[in-house]
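Here is a short briefing to read alongside the coordinates. It goes from the fold to the charged pairs.

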Amino acid sequence: MTVVAPKLTLERKLLGECDLIISLDEVGRGALAGPVAVGAAVMDAAGARRRVPEGLRDSKLVTEKRRPEVAARAAAWVQASAVGWASAAEVDEVGIMRALGLAASRAVSGVVAQGASLENALVLLDGNHDYLSIVHPGPLRVRPVIKADRDCASVSAASVIAKVARDSLMVELHDGHPAYQWDRNKGYASAEHREAIRASGLSPHHRASWAITDAPTLF
């Protein structure tokens, strides 16, 4: 199957209506362990005239081996980037959708701290639901777009930046909890991960509110 590279068609159109686009995409929504992460990538009119980096795709379409180099090119290409996080404990406390909103809000705040202005900015959000506005402390112009991570190059950049950051964190967390093999499954529901949960229970990094298993928790 031929994978079509993302383009800047929508971004260029939208930049006729605003000064700045802040593109967002999430990773880790369906994992059993670890945080959810939202990547943010900033695009302005000058940036939208630059060539899309080689190999840039939605993170799900880039091999794990190639993702770090693609993410580095993506971060150098956009005007600013950041990753916002919401912990497994926050997922348990407020639910996955609100946790995504918290992570997205923190990602937006991260690029604002680097100089991005929200005054005439539009947030381009992958998906069909605005989970950001209800959480962010100030008003935002948010446009959800289905398959934006596949079709819009700036959202693909946010996707791969967030994916590499979250995968790296899960590899770090693996060192303290090697039984779950997070260096391989990144917190997702592999057969080995579920078997380790049945054998050892849940770690503090698991989303204990989810119906993962009938094993007892360790905390």
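In this predicted model, helix H6 (residues 153–174) lies across four strands: S1 (20–27), S2 (36–44), S3 and S4. Relative to S1, helix H6 runs at about 40°. The strands it crosses belong to an open sheet of five strands, and the chain has eight helices alongside those five strands.

**The sheet**
- The strand order is S3-S2-S1-S4-S5, and the pairing is mixed.
- Strands S3 (80–86) and S5 (142–145) form the edges; each has a single partner strand, so one side of each has no neighbour in the sheet.
- From one strand to the next, the twist averages 25°.
- Strand S4 (residues 121–126) pairs with S5 in the parallel sense, over four bridges.
- In that pairing, Val 123 sits opposite Val 142 of S5.

**The chain as a whole**
- Read from the N terminus, the elements follow the pattern α-β-β-α-β-α-α-β-β-α-α-α-α.
- The radius of gyration is 18 Å, which agrees with the value near 17 Å for a compact globule of 219 residues.
- The C-alpha trace spans about 55 × 40 × 30 Å along its principal axes.
- Half the picture is interior: 50% of the 219 residues count as buried.
- About 10,200 Å² of the chain is exposed, with carbon and sulfur atoms supplying 53% of that area.
- Among contacts between residues at least 6 apart in sequence, 67% join residues at least 24 apart.

**Charged pairs**
- The whole structure holds 10 salt bridges.
- One of them joins Asp 149 and Lys 60, whose closest N and O atoms are 3.1 Å apart.
- This pair links distant parts of the chain, with Asp 149 in helix H5 (residues 148–151) and Lys 60 in the loop between S2 and helix H2 (67–77), 89 residues apart.
- Its two ends sit in contrasting settings: Asp 149 is buried at 6% relative accessible area, whereas Lys 60 is exposed at 61%.
- Arg 67 and Asp 167 also meet in a salt bridge, at 3.4 Å from N to O.
- Here helix H2 carries Arg 67 and helix H6 carries Asp 167, 100 residues apart.
- Arg 67 counts as buried at 13% relative accessibility, and Asp 167 is buried too, at 8%.
- Lys 163 joins Arg 67 and Asp 167 in a network of salt bridges.
- Arg 106 and Glu 90 form another salt bridge, 2.9 Å from N to O.
- Arg 106 lies in helix H4 (residues 96–113) and Glu 90 in helix H3 (residues 88–94), so this pair ties together parts 16 residues apart in sequence.
- Arg 106 is partly exposed, with 35% relative accessibility.

Notes. Residues are numbered from 1 along each chain as its sequence is written. This is a predicted model: local features need pLDDT of at least 70, side-chain atom pairs count only at pLDDT 80 or more; totals for chains, interfaces and linings use all residues. Side-chain values use heavy atoms; hydrogens and water are left out. Two strands pair if DSSP finds at least two bridges between them. Helices (H or I, at least four residues) and strands (E, at least two) are DSSP runs, numbered from the N terminus. Axes are lines fitted to C-alpha atoms, for helices over the stretch in contact, and angles run from 0 to 180 degrees between N-to-C directions. Contact means heavy atoms within 4.5 Å. The radius of gyration is taken over C-alpha atoms; the globule rule is 2.2 Å times the number of residues to the power 0.38. Buried means under 20% relative accessible area, exposed over 50%, partly exposed in between (1.4 Å probe, protein chains only). Accessible areas come from the Shrake-Rupley method with a 1.4 Å probe; for residues, only the protein chains shown count as cover. A salt bridge is a side-chain nitrogen of Lys or Arg within 4 Å of a carboxyl oxygen of Asp or Glu.
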